[in-house]
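Colleague: I am new to reading protein models, and I would like to go through one with you, feature by feature. Could we begin with the whole and then turn to single residues?

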Amino acid sequence: MTSSEATVANGPLVLVTRGEGDLAGVVTLTLNRPRQFNALSEAMLDALQHALDDVARDATARVVVLGAAGAAFCAGHDLKEMRAEPSLDYYRTLFNQCTRVMLTIQRMPQPVIARVHGIATAAGCQLVAMCDLAVAASAARFAVSGINVGLFCATPGVALSRNLTRKQAMEMLLTGDFIDAQTACERGLVNRVAPMERLDGEVAALCRSILAKPAAAVAAGKGLFYRQAETGIEAAYQMAGQTMACNMMDACALEGVQAFIEKRPPEWTNPKD
């Protein structure tokens, strides 16, 4: 089935839903190519890019949950589509497209939580690693398995090496072996593991905790976290100090500090629908 046929059969390649009640402000993006295990075809990457860009511009969106339909979270790139056009220019364009999606997740102001219920392999594992947080079902499994078909998962390795220790990342990259959800949690690829029936509850708990915090502080903090991680310690402290100084001038921080001094709950104002 082609990507266009999948769109007709299953609806949009990325489903967009919004939370209600105490989860208002949560936007869920669901990869919707279940028969292909949500492989990242060109069309899927394009749909995900557009969805992420839309959310990033939405001041009422506070948290993004990235999930998937069907039995798998994401099986990585669409190898059939890749094999159909074997040219260097095509592959460069494809991997640049994928890189843009991955960097958008990191650069957008809202925290992104991966909701992983099935396998996440190759670029699918990369997708989990690029999310700010991740919650996995107990049965979820993770691998960067390109090496099994003669393709070292170089781009997934960029994200993986920023989550796991180097030797743990290299073991996955060189063997292509799966790790289970508990091992992924112990190694830092995911934050929490829960039985499938409690997966959504764990994701919702994280969302509620983030929603209770000032949007401006969350956005500034996320941006600074990644910038400082990619630089030397002296420059990192300079950026961190500047970020905190600006954060302290924000109305939410001023209110929060004043509330602490007055021993009362803070009354923060966040964008509303």
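Modeller: The turns below go from the overall fold to the domains and then to two residues, and please keep in mind throughout that this is a predicted model.

Colleague: How many helices and strands does the protein have?

Modeller: The protein has 12 helices and 9 strands, and its C-alpha atoms fill a box of roughly 65 × 45 × 35 Å when the box is taken along the principal axes.

Colleague: What does the radius of gyration say about a protein with 273 residues?

Modeller: The idea is to compare the value with the one expected for a compact globule, which for 273 residues would be near 19 Å; the protein has 19 Å, so the two agree.

Colleague: And how should I read burial and surface for the protein as a whole?

Modeller: A residue counts as buried when its relative accessible area is under 20%, and 44% of the 273 residues of the protein count as buried. The accessible surface comes to about 14000 Å², and 58% of this surface belongs to carbon and sulfur atoms.

Colleague: Which share of the contacts between residues at least 6 apart in sequence joins residues at least 24 apart?

Modeller: That share is 67% in this protein.

Colleague: How far apart are the mean positions of the positive and negative charges?

Modeller: There are 25 positive and 27 negative charges, and their mean positions are 3 Å apart.

Colleague: Into which domains is the protein divided?

Modeller: Domain 1 covers 14-212 and domain 2 covers 215-262, and the centres of the two, taken over C-alpha atoms, are separated by 27 Å. Where they meet, 11 residues of domain 1 are in contact with 6 residues of domain 2.

Colleague: Now a single residue: is K222 buried or exposed?

Modeller: K222 has a relative accessibility of 8%, and because the limit for buried is under 20%, K222 counts as buried. This residue has its place in helix α10, which runs over residues 215-229. If we leave aside neighbours within four places in sequence, the contacts of K222 include I105, Q106, M108 and D132.

Colleague: Is E186, in helix α8, buried or exposed?

Modeller: E186 is exposed, because its relative accessible area is 60% and exposed means over 50%. Helix α8 spans residues 181-187. As for distance, E186 and L164 are 22 residues apart along the chain, and their C-alpha atoms are separated by 9.5 Å.

Terms used. Residues numbered from 1 in each chain as written. Predicted model: local features only at pLDDT ≥ 70, side-chain atom pairs only at ≥ 80, totals over all residues. Heavy atoms only, no water. Helix = DSSP H or I, 4+ residues; strand = E, 2+ residues; numbered from the N terminus. Rg over C-alpha atoms; globule rule 2.2 N^0.38 Å. Buried < 20%, exposed > 50% of the residue type's maximum accessible area, 1.4 Å probe, protein only. Contact = heavy atoms within 4.5 Å. Areas by Shrake-Rupley, 256 points an atom, 1.4 Å probe, with all protein chains shown as cover. Lys, Arg positive; Asp, Glu negative; His and termini not counted. Charge placed at Lys NZ, Arg CZ, Asp CG, Glu CD. Domains from an automatic or database assignment.
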